Amino acid sequence: MTWPAYANVAADGYGLGQDADVARTRFDDGAVRQEKIYSAALDVRSLRGWLASDADLVRFRAWARENAHLWFDWRDTEDGVTRRVRVRGGAATIRYTARVRAGTRTWDFQLELEGYSKN
């Protein structure tokens with residue numbers, strides 16, 4: 001399964017991050033212990049994009065309901081590498097905003113993708 005081609009990703013607002021790879025424990029005496037977590041930390045990418053029409057919004061929301069929580073192939077706009085990712089939190093976390101330009105309504109969306117550095 002792959003990212004839908006009609007869901008355009010904007011270069012503006014693209015963000016990179018990573019989940020914590022250490023666990024911190026505070027003790028009663030105020031001391032802090034920090035140790036490396038041995039499971040791999042997920043890389044996180046924040047995306048903004050747009051859909052060209054109401055019909056694309058309907059198609060994308062249907063795709064998200066069926067696939068956003070699953071691993072899928074996505075070509076990273078940062079380095080061009082195809083990665084296995086999923087939408088963090090599934091379809092319910094995707095936010096849509098309507099825009100009207102020259103009498104035509106388009107849809108902006110925001111979401112976070114998560115995946116591993118090594119796919």
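1. Where does proline 4 lie? In this predicted model, proline 4 belongs to the segment before β1, the strand that spans 8-9. With a relative accessible area of 9%, proline 4 is buried, because that value falls under the 20% cut-off. Once residues up to four places away in sequence are set aside, proline 4 touches Phe60 and Trp63. Its C-alpha atom is also 9.1 Å from that of arginine 59, although the two residues are 55 apart in sequence.

2. On the overall fold, the protein contains one helix and nine strands, and their order along the sequence is β-β-β-β-β-α-β-β-β-β. Among contacts between residues at least 6 apart in sequence, 65% join residues that are at least 24 apart.

3. On overall dimensions, the protein has a radius of gyration of 18 Å, whereas a compact globule of 119 residues would have one near 14 Å. The box filled by the C-alpha atoms, taken along the principal axes, is roughly 65 × 30 × 25 Å. Of the 119 residues, 32% count as buried. The accessible surface comes to about 7600 Å², and carbon and sulfur atoms account for 49% of that surface.

4. On charge, the protein carries 19 positive and 17 negative side chains, and the centres of these two sets are 3 Å apart.

5. On the interior, the largest nonpolar core has 20 residues, of which Trp3, Leu51, Phe60, Phe72, Trp74, Leu111 and Leu113 touch the most other members. At least two residues of this core come from each of β5 (43-51), α1 (54-67), β6 (72-75), β7 (82-87) and β9 (104-115). In soluble globular proteins, nonpolar side chains tend to be buried together.

6. Leucine 51 deserves its own entry, being one of the core residues that touch the most other members. Not counting residues up to four places away in sequence, leucine 51 touches Tyr6, Ala7, Asp56, Leu57, Phe60, Tyr96, Thr106, Trp107 and Phe109. Phe60, which is in this list, is also touched by proline 4 of the opening point.

7. Arginine 95 is part of strand β8, and it is exposed, because its relative accessible area of 52% is over the 50% cut-off. Leaving aside neighbours within four places in sequence, arginine 95 is in contact with Asp108, Phe109 and Gln110. Arginine 95 and leucine 111 are 16 residues apart in sequence, with a C-alpha to C-alpha separation of 6.8 Å.

8. Glycine 90 sits in the loop between β7 and β8. Is glycine 90 buried or exposed? Glycine 90 counts as buried, since its relative accessibility of 7% is under 20%. Apart from neighbours within four places in sequence, the contacts of glycine 90 are with Ala68 and His69. The C-alpha atoms of glycine 90 and threonine 106 are separated by 22 Å, the two residues being 16 apart along the chain.

9. Alanine 102 is a backbone position to inspect, for it has a positive phi of about 50° although it is not a glycine. Most residues other than glycine have a negative phi. Alanine 102 is placed in the loop between β8 (95-101) and β9, and it is exposed, because its relative accessible area of 86% is over 50%.

Note on methods: Residues numbered from 1 in each chain as written. Predicted model: local features only at pLDDT ≥ 70, side-chain atom pairs only at ≥ 80, totals over all residues. Heavy atoms only, no water. Helix = DSSP H or I, 4+ residues; strand = E, 2+ residues; numbered from the N terminus. Rg over C-alpha atoms; globule rule 2.2 N^0.38 Å. Buried < 20%, exposed > 50% of the residue type's maximum accessible area, 1.4 Å probe, protein only. Contact = heavy atoms within 4.5 Å. Areas by Shrake-Rupley, 256 points an atom, 1.4 Å probe, with all protein chains shown as cover. Lys, Arg positive; Asp, Glu negative; His and termini not counted. Charge placed at Lys NZ, Arg CZ, Asp CG, Glu CD. Core = buried A, V, L, I, M, F, W, Y, C linked by side-chain atoms within 4.5 Å.
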